[in-house]
Amino acid sequence: MPTEARVRRLKAVLDRRQPDLTVLMENVSKPHNFSAILRSADAVGVYEAHAVHPTGGVPTHHHTAAGAARWVYLKVHPDVETAVQHLKDRGFSIYATRLSDDAVDYREVDYTRPAAILLGSEKWGVSEQAAGLADQSIVIPMLGMAQSLNVSVAAAVILFEAQRQRLAAGLYDRPRLEAESYRRTLFEWLYPELARELRERGEPYPELDAEGRIRWSSS
Ligand code: SAM
């Protein structure tokens with residue numbers, strides 16, 4: 001049975017989740033980078049992250065993520081075209097993080113609107129194909145000797161600019177998830193094992209009362 005404090009804490013986090021802010025990781029291959037990006041995503045309130053990975057699986061690194069993977073849903077797409085289309089269909093603008101001449105300073109973007117930050121692989125960066133599908137390229141100005149940042153550092157810099165803008169716009173002041181997503185997510189966060197069992201059996205989740213206790217129906 002979850003404690004009152006636990007339920008309060010999970011609800012407070014859910015109240016600040018931002019369904020219209022996300023990251024799309026294109027072949028980010030190092031587990032510690034992948035996990036660090038998810039951890040930053042959690043910290044700014046990303047509800048669901050996206051990834052494309054050639055193996056079909058994703059690299060995870062539980063230590064670095066500090067469990068963040070449990071709190072940020074991850075949707076893995078078979079290829080970048082499918083991923084971008086999925087996001088565009090849901091109204092997202094795609095911002096490709098690139099060190100290219102046509103990239104604008106990342107601070108010029110309005111992240112209070114639905115935004116997906118496209119991050120490239122450690123070695124090759126964002127692919128030409130993905131960049132061509134994106135709405136805009138953005139860059140974090142580099143004024144030193146190094147040509148680029150670590151991908152998880154770049155992700156954090158941009159995500160926290162998005163958080164700054166969204167805080168100023170009041171987007172963390174009231175719940176932004178749809179009621180059904182909120183209800184489903186709270187159940188999965190409070191009762192992960194049971195939620196998995198019910199999903200496997202194809203059964204719906206039961207209702208929760210205000211204290212997060214399960215209201216089993218008698219029928
Ligand atoms: N050689 C690669 C290239 O030219 O893109 C470098 C890739 S960089 C190590 C890995 C990823 O970090 C990039 O694909 C991008 O997503 C992000 N990144 C690193 N530095 C960046 C910067 N200054 N501005 C925007 N994104 C950056």
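These are my notebook entries on the ligand site and the two largest pockets of this structure.

**Entry 1: the model.** I am working from a predicted model.

**Entry 2: who surrounds the ligand.** I started with the ligand and looked up its neighbours. The shell comes to 18 residues. Thr97, Gly120, Gly125, Ile140 and Leu149 are the closest of them. Sorted by class, I get 10 nonpolar, 5 polar and 3 charged residues in this shell. I then asked which elements supply at least two shell residues each. Strand S7, residues 136-139, does so, and so does helix H7, residues 151-168.

**Entry 3: polar contacts.** Next I went through the ligand's N and O atoms. How far is a ligand nitrogen from a backbone N or O atom of leucine 149? I have 2.9 Å for that pair. Glycine 120 puts a polar backbone atom 3.0 Å from a ligand oxygen. For lysine 123, a polar backbone atom is 3.4 Å from a nitrogen of the ligand. I noted the burial here too: the ligand taken alone exposes 570 Å², and the protein buries 86% of that. Gly120 and Leu149 had already turned up among the closest shell residues.

**Entry 4: the largest pocket.** Which pocket does the ligand take up? The space it occupies is the largest pocket. I have a volume of about 470 Å³ for this pocket. Its lining runs to 22 residues, with Thr97, Leu99, Gly125, Ser148 and Leu149 nearest the centre. Thr97, Gly125 and Leu149 are also on my list of the closest residues to the ligand. S7 and H7 each give at least two residues to this lining. H7 contributes the most, with 3 residues. By class I wrote down 12 nonpolar, 7 polar and 3 charged residues for the lining.

**Entry 5: the second largest pocket.** Then I moved on to the runner-up, which has a volume of about 280 Å³. I find 15 residues lining this pocket, and Arg9, Val13, Arg16, Arg17 and Asp42 are the closest to its centre. Which elements give two or more residues to the lining? They are helix H1 (4-15), helix H2 (31-44) and H7. H1 gives the most, with 4 residues. The lining splits into 8 nonpolar, 2 polar and 5 charged residues.

**Entry 6: cross-check on H7.** Before closing the page I went back to H7. This helix supplies at least two residues to the shell around the ligand, and it is on the list for the second largest pocket as well.

Terms used
Residues are numbered from 1 along each chain as its sequence is written. This is a predicted model: local features need pLDDT of at least 70, side-chain atom pairs count only at pLDDT 80 or more; totals for chains, interfaces and linings use all residues. Side-chain values use heavy atoms; hydrogens and water are left out. A residue is near a molecule or strand if one of its heavy atoms lies within 4 Å of it. A polar contact is a pair of N or O atoms within 3.5 Å; within protein, one must be able to donate a hydrogen and the other to accept it, and residues adjacent in sequence count only if both atoms are side-chain atoms. Accessible areas come from the Shrake-Rupley method with a 1.4 Å probe; for residues, only the protein chains shown count as cover. On a 1 Å grid over the protein atoms alone, a cavity is a set of points where a 1.4 Å probe fits but cannot get out, and a pocket is an open set with protein on both sides within 12 Å along at least five of seven lines; lining residues have an atom within 4 Å of a point. A molecule sits in a cavity or pocket if more than half of its atoms lie within 2 Å of its grid points. Ala, Val, Leu, Ile, Met, Phe, Trp, Tyr, Cys and Pro count as nonpolar, Asp, Glu, Lys and Arg as charged, and the others, Gly among them, as polar. Grid points are joined across faces, edges and corners, and a volume is the space filled by probe spheres set on the points.
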